[in-house]
Amino acid sequence: MNEEEPANAELAAAQEALVRAMTAGGPLPPGFDEAGVQVAARAILRKRAGEVARAWPALAASYGRDWPETFARWAAERPTNGSIRDAWDFARAHKESLDRNAALELALTETRFHYDGESPPRPRRMAVRRVPGGVAFQLNGRARVIGRR
Amino acid sequence: MSLGVGIGWRPEIAGFVKELPGLRFTEVIAESVHEGHPPADLLALRDRGVQVVPHGVKLSLGGAEPVAAERVAHLAWCAESLNAPLVSEHVAFVRAGGVEAGHLLPVPRTRASLDALTANIRRTQAELPVPLAVEPIAALFDWPDAEYEEGDFLTELVERTGALLLLDIANVYANARNRGEDPAALLDRLPLERVAYCHVAGGDEHGGRYHDTHTAPVPDDVLALVKELCARQRPPGFLLERDGRYPPAAELRAELDAIASAAAMESIT
């Protein structure tokens, strides 16, 4: 099969080295234009920041104009697992400094899905969480906040 | 097959797309369509006879690893349920060794890379009920030690696989501008009779390079290149890609009209 061929194994290793250099802080393989690769890596971070902003608008909004830069700094050596997990991982890492709306967005998501930080999130049947100003309650996919002023 | 001028279907502009009186052709990001609940607006377009092309972005045809069977199956499902005339994907890879790049990355222009692409395109074609068109990407850098010029690499790829080309005019423009080359020169080296349709979009300048972001109006230089292409061989369709910073409807209509005029095709607005 194809995978056994040496040329293909070499290609696989070269592709992985490039992806790690662009997303995980790995060394840049020899021969590439460093400036060009860097510009491309920055463009990917800006794109990821935009996708997170669409998936979790309150999270991005709480950083205002600094959002793309703040996200890019945090994500620079963290390869993506999709925009939902980018958003979720970022929100958990910044839990202490989230504003009220972003904290609520995180808490509501956590009542609806189970996420261990390692594997894809799974829907919860039921959950209760404290949120800013009240309690969020979710049963069979319907979330409600009680006592929020 | 004639497609005419179209626009990429996105949830944010679904209302605008639905109201276009002359629309015969659109495209949807395949990974955004959920098998349980495809968007009703999109199904309505299909039922009205609009040709809907599923456009994949995460298959990684250019990866050294074989394409994932479930991703190919989803493309096939999209083609069946949207009654698509064809499916499109990219000459690119998006992951390697289990690490996601987050975007389309260029492949090396080598024999080994051509072999990997050929194998993956054939695996995909074997499962699809319709033809596959492959799209060369906008690259902000190239791999070292290329064994082929871009035109020769793509020509050999379509000859080997029988795939069609999705030619992105904005990518041709971006690559030529960033490499300091003449964009029309690439048109002369591609098998233009194999172009299924073209993408057109606008971008912006960042860090000294032109980025094909799909968030800006189509530049005049790209429209001029549409004319250049049509003077050589008019493709069946041109599709406007817009992905964010959606302008007011009047501006989008003006862009569609500008593309129709450059391509000497019927206005759809």
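**Two chains and the helices that join them**

In this predicted model, B:Leu86 touches B:Met1, B:Val53, B:Pro54, B:Val130, B:Pro131, B:Ala133, B:Leu164, B:Ala196 and B:Tyr197, leaving aside residues up to four places away in sequence; contact here means heavy atoms within 4.5 Å. B:Leu86 sits in the loop between α3 and β4 of chain B. Because its relative accessibility is 2%, B:Leu86 counts as buried; the cut-offs are under 20% relative accessible area for buried and over 50% for exposed, with partly exposed in between (1.4 Å probe, protein chains only). From B:Leu86 to B:Gly15 the distance is 71 residues in sequence and 24 Å in space, C-alpha to C-alpha.

A few conventions help in following the numbers. Residues are numbered from 1 along each chain as its sequence is written, and chains are lettered from A in the order in which they are written. Local features need pLDDT of at least 70 and side-chain atom pairs count only at pLDDT 80 or more, while totals for chains, interfaces and linings use all residues; side-chain values use heavy atoms, with hydrogens and water left out.

Turning to chain B as a whole, its secondary structure comprises 9 helices and 12 strands, where helices (H or I, at least four residues) and strands (E, at least two) are DSSP runs numbered from the N terminus. A compact globule of 269 residues would have a radius of gyration near 18 Å, and the 17 Å of chain B agrees with this. That radius is taken over C-alpha atoms, and the globule rule is 2.2 Å times the number of residues to the power 0.38. The C-alpha trace of chain B spans about 50 × 45 × 35 Å along its principal axes. Of its 269 residues, 59% are buried. When contacts between residues at least 6 apart in sequence are considered, 78% of those in chain B join residues at least 24 apart. Chain B exposes about 10200 Å², of which carbon and sulfur atoms supply 48%; accessible areas come from the Shrake-Rupley method with a 1.4 Å probe, and for residues only the protein chains shown count as cover.

Chain A gives another picture. Its 6 helices and 5 strands run α-α-α-α-α-α-β-β-β-β-β from the N terminus on. A compact globule of 149 residues would have a radius of gyration near 15 Å, but the value for chain A is 19 Å. Its C-alpha trace spans about 60 × 40 × 20 Å along the principal axes. In chain A, 38% of the 149 residues count as buried, and among contacts between residues at least 6 apart in sequence, 46% join residues at least 24 apart. The exposed area of chain A is about 8500 Å², with 51% of it from carbon and sulfur atoms.

The charges can be set side by side too. Chain B has 24 positive and 40 negative side chains, and the centres of the two sets lie 2 Å apart. In chain A, the mean positions of the 23 positive and 19 negative charges are 16 Å apart. Lys and Arg count as positive and Asp and Glu as negative, while His and the chain ends are not counted; each charge is placed at NZ of Lys, CZ of Arg, CG of Asp or CD of Glu.

Where the chains meet, helix α1(A) is a good place to look. Its 18 residues should span 26 Å at 1.5 Å a residue, and its end C-alpha atoms are indeed 26 Å apart; the expected span is 1.5 Å times one less than the number of residues. Buried residues of α1(A) include A:Leu11, A:Gln15, A:Leu18 and A:Met22. An α-helix has 3.6 residues a turn, so residues three or four places apart point the same way. The buried residues of α1(A) pack against α2 and α4 of chain A together with β5 (93-96), β6 (99-105) and α4 of chain B. After α1(A) comes A:Gly25, with a positive phi near 75°.

On the other side, the 17 residues of α4(B) (residues 111-127) should span 24 Å, and the 25 Å between its end C-alpha atoms agrees. Among its buried residues are B:Leu114, B:Leu117 and B:Ile121. The cover over the buried residues of α4(B) includes α1 (6-23) of chain A together with α3 (69-81), β4 (87-91), β7 (132-136) and α5 (150-161) of chain B.

Finally, B:His214 has a positive phi near 65° although it is not a glycine. B:His214 lies in strand β11 (residues 209-216) of chain B and counts as buried because its relative accessibility is 13%.
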